[in-house]
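The following exchange examines how several structural labels are justified. Each answer sets a computed value against the criterion that applies.

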Amino acid sequence: QVQLVESGGGLVQPGGSLRLSCASSRSVSSMYRMGWYRQAPGEQRELVATIWTSGAMIDYADSVKGRFTASRDTFNNTMYLEMKMLKPEDTGVYYCDANVLGSTYWGQGTQVTVSS
């Protein structure tokens with residue numbers, strides 16, 4: 001079992017920044033991949049960023065490229081999502097997930113609201 005706990009969400013004005021955290025109960029270095037997703041009201045969950053095994057390869061959705069940065073802290077077993085130049089369409093519940101030993105685990109989500 002792996003427990004993932006997201007934090008860092010909140011209300012921010014357009015153009016603002018937030019940093020989300022995803023704390024893992026298992027070493028992030030042992031994960032095959034970790035990812036950030038978001039889900040807007042009435043919409044399907046969409047993949048925002050993926051960090052692959054070594055941490056050297058990170059993929060982003062086109063809608064967030066150049067604005068969001070995903071990273072891992074192997075000492076603190078935490079994954080981050082640095083979000084800049086936020087837009088109202090970035091609003092949603094942000095989730096992290098992790099794949100390890102053939103299983104997928106999810107956090108409970110953290111709400112991000114971008115509004116003036």
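Q: How many disulfides does the structure hold?
A: This predicted model holds 1 disulfide.

Q: What makes the pair Cys22 and Cys96 a disulfide?
A: The criterion is a pair of cysteine sulfur atoms within 2.5 Å. The S to S distance between Cys22 and Cys96 is 2.1 Å, so the pair satisfies the cut-off and is called a disulfide.

Q: Why is the disulfide of Cys22 and Cys96 called right-handed?
A: The torsion about its S-S bond is about 70°, and the disulfide is therefore right-handed.

Q: Which parts does the pair of Cys22 and Cys96 tie together?
A: Because Cys22 belongs to strand E3 and Cys96 to strand E9, the pair ties together parts that are 74 residues apart in sequence. Cys22 is buried, as is Cys96, which means that each has under 20% relative accessible area.

Q: Why is E3 described as largely enclosed by the rest of the structure?
A: Of the 7 residues of E3, 5 are buried, so the description applies.

Q: How do you know that E3 pairs with E1 and with E8?
A: Pairing requires at least two bridges between two strands. E1 and E3 are joined by 4 bridges, and E3 and E8 by 6 bridges; the requirement is therefore met in both cases. Both pairings are antiparallel. Within them, Ser7 stands opposite Ser21 in E3, and Leu20 stands opposite Leu81 in E8.

Q: What makes E1 and E7 edge strands?
A: The open sheet consists of 4 strands in the order E1-E3-E8-E7, with antiparallel pairing. Strand E1 (4–7) and E7 each pair on one side only, and they are the edge strands. On average, neighbouring strands of this sheet are turned by 15° against each other, direction ignored.

Q: Which residues touch the most other members of the largest nonpolar core?
A: This core has 28 residues, and Trp36, Leu81 and Met83 touch the most other members. Among the elements that give two or more residues to the core are strand E3 (18–24), strand E8 (78–83) and strand E9 (92–100). The largest share, 4 residues, comes from E9.

Q: What makes Leu81 and Trp36 a contact?
A: Contact means heavy atoms within 4.5 Å. Leaving aside neighbours within four places in sequence, Leu81 is in contact with Trp36, and its other partners include Leu18, Leu20, Val48, Phe68 and Tyr94. The pair Leu81 and Trp36 therefore has heavy atoms within 4.5 Å.

Note on methods:
Residues numbered from 1 in each chain as written. Predicted model: local features only at pLDDT ≥ 70, side-chain atom pairs only at ≥ 80, totals over all residues. Heavy atoms only, no water. Core = buried A, V, L, I, M, F, W, Y, C linked by side-chain atoms within 4.5 Å. Buried < 20%, exposed > 50% of the residue type's maximum accessible area, 1.4 Å probe, protein only. Axes fitted to C-alpha atoms, helices over the stretch in contact; angles between N-to-C directions.
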